[in-house]
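Thank you for making time for this today. I would like to walk through one model with you, beginning with a sheet and then moving on to the interior and the surface.

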Amino acid sequence: MAECHPVGFQWVMEAKARGAKVIHVDPRFTRTSALADVHVPLRAGSDIAFLGAIVNHVLSEEKYFRDYLLAYTNAPVILREDFRDTEDLDGVFSGLNAEHRTYDASTWQYEGMQAQAASGHREQSYPDTGGEHEASSDESVDELSGEARGESHGSGGADLGRGKPRRDETLSDPRCVFQVLKRHFARYTPELVEEVCGVPRDTFLEVCELITENSGRDRTTALAYAVGWTQHTVGVQYIRTAAILQTLLGNIGRPGGGILALRGHASIQGSTDIPTLFNLLPGYIPMPHAHTGTDLDTFVDAEAGKRGYWGNMRDYLVSLLKAYWGEAATEENDFCFDYLPRLTGSHDTYTTVQNQMDGVCKGYFLMGENPSVGSANGRMQRLGMANLDWLVVRDLSLIESATWWKDGPEIESGELRTEDIRTEVFFLPAASHTEKDGSFTNTQRMLQWRHKAVEPSGDARSDLWFMYHLGRIIRKKLAGSTDERDRPVLDLTWDYPVHGDSAEPEAEAVLAEINGFDAEGGPLSSYTQLKGDGSTACGCWIYCGVYADGVNQAARRKPGEQQNWVAPEWGWAWPANRRILYNRASADPGGRPWSERKALVWWDEEKGQWTGHDVPDFPKKRRPDHVPAESAEGPDALSGTDAFVMQADGKAWLYVPTGLLDGPLPAHYEPQETPFTNPLYRQQRNPVRVLGKPHPVNRYQPSGAEPGSEVFPYVATTYRLTEHHTAGGMSRWQPYLSELQPEFFCEVSPELAAERGLEHMGWATVVSARAAIEARVMVTDRMSPITVQGRTLHQVGLPYHWGSNGYSRGDSANELLHVSLDPNVHIQETKALACDIRPGRRPRGPELLDLVREYRVRSGITEHTGRDM
């Protein structure tokens, strides 16, 4: 956090100055480690074993917050008799279809519930119909529900279906979630952590004590993570394990608690809220799929929860459709629901690259992305772009993804020739964040407005300018068209005011549209005002209120000493300017704060409402003892203790009965490529991880006990530096930053340097089954050898910012990486990779390909290697 999020880390230092303990768990000793009370080096890719053992410690030592569990979680809920855990099936859950790498989650459900099926894939066409399928409304609902992906349910989680689950308030029934949890994590012991993670038992127990002593009724602990947790084939389950831990300890919904995803400086949070994701609409509303005959009501019935605020999804979706298509969206035409694009399969970035190579994807926009450097398997990215008809790159400088056709690695190796590449490449200069108005959304979901500091120079333009004028020109070209397929473009509301010589659209006008309007055009103040009858328009329901009263709430900068400690008048946080989600859980079932020192919101009996320091995340007038009617739906179905108001049952889920593709509980699986076997189960890897179809540029390495795995005996992990930013497009062209970090390097321990003959400041070549790269050697104690499964493991640190362009140049770490993905969110595994390292510079030209080929032959790699379960 100190390295990659230094501005936010100042508050960690504030907390430490007031007595907080800081624990840093990371394979490398970093700037954060230097300021932490405890640094825990562990093997990259083993975090579930580490976190799972803390969960086991909490359960076995009875350190959990029992009253919190009973009131606010699904710990007492009883599971179906036919559910089988990894403990029963040696590393997999019941319902696995090994041939198709999918789970049927019907056995994961609660007893007494008839739930919709959990996640599957909607990509398949209907058999024998080529995708055409006439279905009744009820049949369509079943199909949409049964084929729903994990992420399709957005912020509401998956619907639990109908019925009432059985519960055991004593937490003693062997099939209740609490007991299943205890059995599942029982094998995650301190000894296992030492064997799998390389963390000594005493260090692990010190971490357990620090966390549990600082949690409970009177104290809270926060967990912070970044892409070190997400970029794995089990990345979602990493965060699930953390969520289980924090829920057991009562650290969710309370001040000083929670799980913080460190995202902010590039507005990554904002880019998923108002998404740059292929499968979601603004506000985490699922994107509809290409099912014939699916109307608005069918879609909402299938996707909306029956309880909690996600039950109002129709209000959010119809308001979004009205924001898109205005007067053209009417009740008679389903508010233009048919105008929305439909997903015909996975359109994630790696599937898109495969489609480029197969000649399916013909054109590509790159806006603020540099996949030649920043995505896994850079060679695959460039070969995909070499097979396009056209490529548009908008960036601050001539990044590698704009110039690969003349100076990329494949040109040097002879694999490609410039004169043979038919891709027409357009480069359009982009304005930087200081040259445009707009907002950033940071890790606490807070929007902060930034005002333009200077005008962009030359032909540089903002993203807003580009998209608005591109749409304007397309609409002008289509004007007068009678083709029905052009109506969605022609009917769009596309009338933003512009200013200046370049006709820059007003960013605040876009913010106002995102905020939403009532039927009279007045700005809305809360998402609870949204209606499903077409009388409200809102571009993103969770942002409703950011322009309340016609005022840009994100631009507020009231000093902290002039307001309470929650600081509600600095920026604006979604939803409803609420700073801590699920804060009803900060009070006990009766509505009293668990601790006066940690009081956040509480029930005011005299006023008959919830009040406090933060905006209550609960119906304001809902009494703590309220019991809803059996027939109630949506927010009306929430009881007075259903603190997790977006969940289908109002509870925090220690166990996930529906909504995830790879299991209701986390389990330790080895990374796709690893020098080790899985000592917990016979199942080596995540059985439903996503692998692309076999391709020569994306070969996988043998792992563990497989023959040839000894050819790649070390573990590499990629990371960021303070001095450079993401794939380097914003920093390697800056002379001052390039002077601070002038060259690509690798970090190795003195022991590894001695073992492999590496010299400090000399050169090393790092090799995988895909590529070989060279790096300057930094011999440092920051990379310490660890003992895993009885043998010494050396890890290699690789910053990923470099490429061949700019002032500071070097090979790209991501050249080494394979494409294997988490099944829930399709993120690549970049943080744990088996490799070899050798002294000296890599070969040039065709000899580079020969070196990689020699490693493949020596390790016995074929198109089938690494693709087994």
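**Sheets, core and surface**

Let me begin with an open sheet of 3 strands, in the order S14-S15-S18, in which the pairing is antiparallel. Strands here are DSSP runs of E of at least two residues, and helices are runs of H or I of at least four, both numbered from the N terminus, while two strands count as paired if DSSP finds at least two bridges between them. At the edges are strand S14 (438–441) and strand S18 (572–573), each of which pairs on one side only. Between S14 and strand S15 (residues 446–450) there are 4 bridges in the antiparallel sense, and Phe 440 stands opposite Gln 448 in S15.

Before going further, I should say that this is a predicted model, in which local features need pLDDT of at least 70 and side-chain atom pairs count only at pLDDT 80 or more, whereas totals for chains, interfaces and linings use all residues. Residues are numbered from 1 along each chain as its sequence is written, and side-chain values use heavy atoms, with hydrogens and water left out.

A parallel pairing is found elsewhere, where 5 bridges join strand S22 (residues 714–719) to strand S28, with Thr 717 opposite Gly 797 in S28. Is S28 buried or exposed? Since 5 of the 5 residues of S28 (residues 795–799) are buried, this strand is largely enclosed by the rest of the structure; buried means under 20% relative accessible area, exposed over 50%, and partly exposed in between, with a 1.4 Å probe and protein chains only. Gln 795, Gly 797 and Pro 799 point one way from S28, and Val 796 and Leu 798 point the other way.

Turning to the largest nonpolar core (buried Ala, Val, Leu, Ile, Met, Phe, Trp, Tyr and Cys residues joined through side-chain atoms within 4.5 Å), we find 68 residues, of which Phe 50, Ile 54, Tyr 188 and Leu 248 touch the most other members. Several elements each supply at least two residues of this core, among them strand S2 (38–40), helix H3 (47–60) and helix H11 (235–248), and H3 gives the most, with 9 residues.

Finally, the cysteines: the structure holds 0 disulfides, a disulfide being a pair of cysteine sulfur atoms within 2.5 Å. For Cys 208, the nearest cysteine sulfur, that of Cys 197, is 11 Å away, and Cys 208 counts as buried at 0% relative accessibility.
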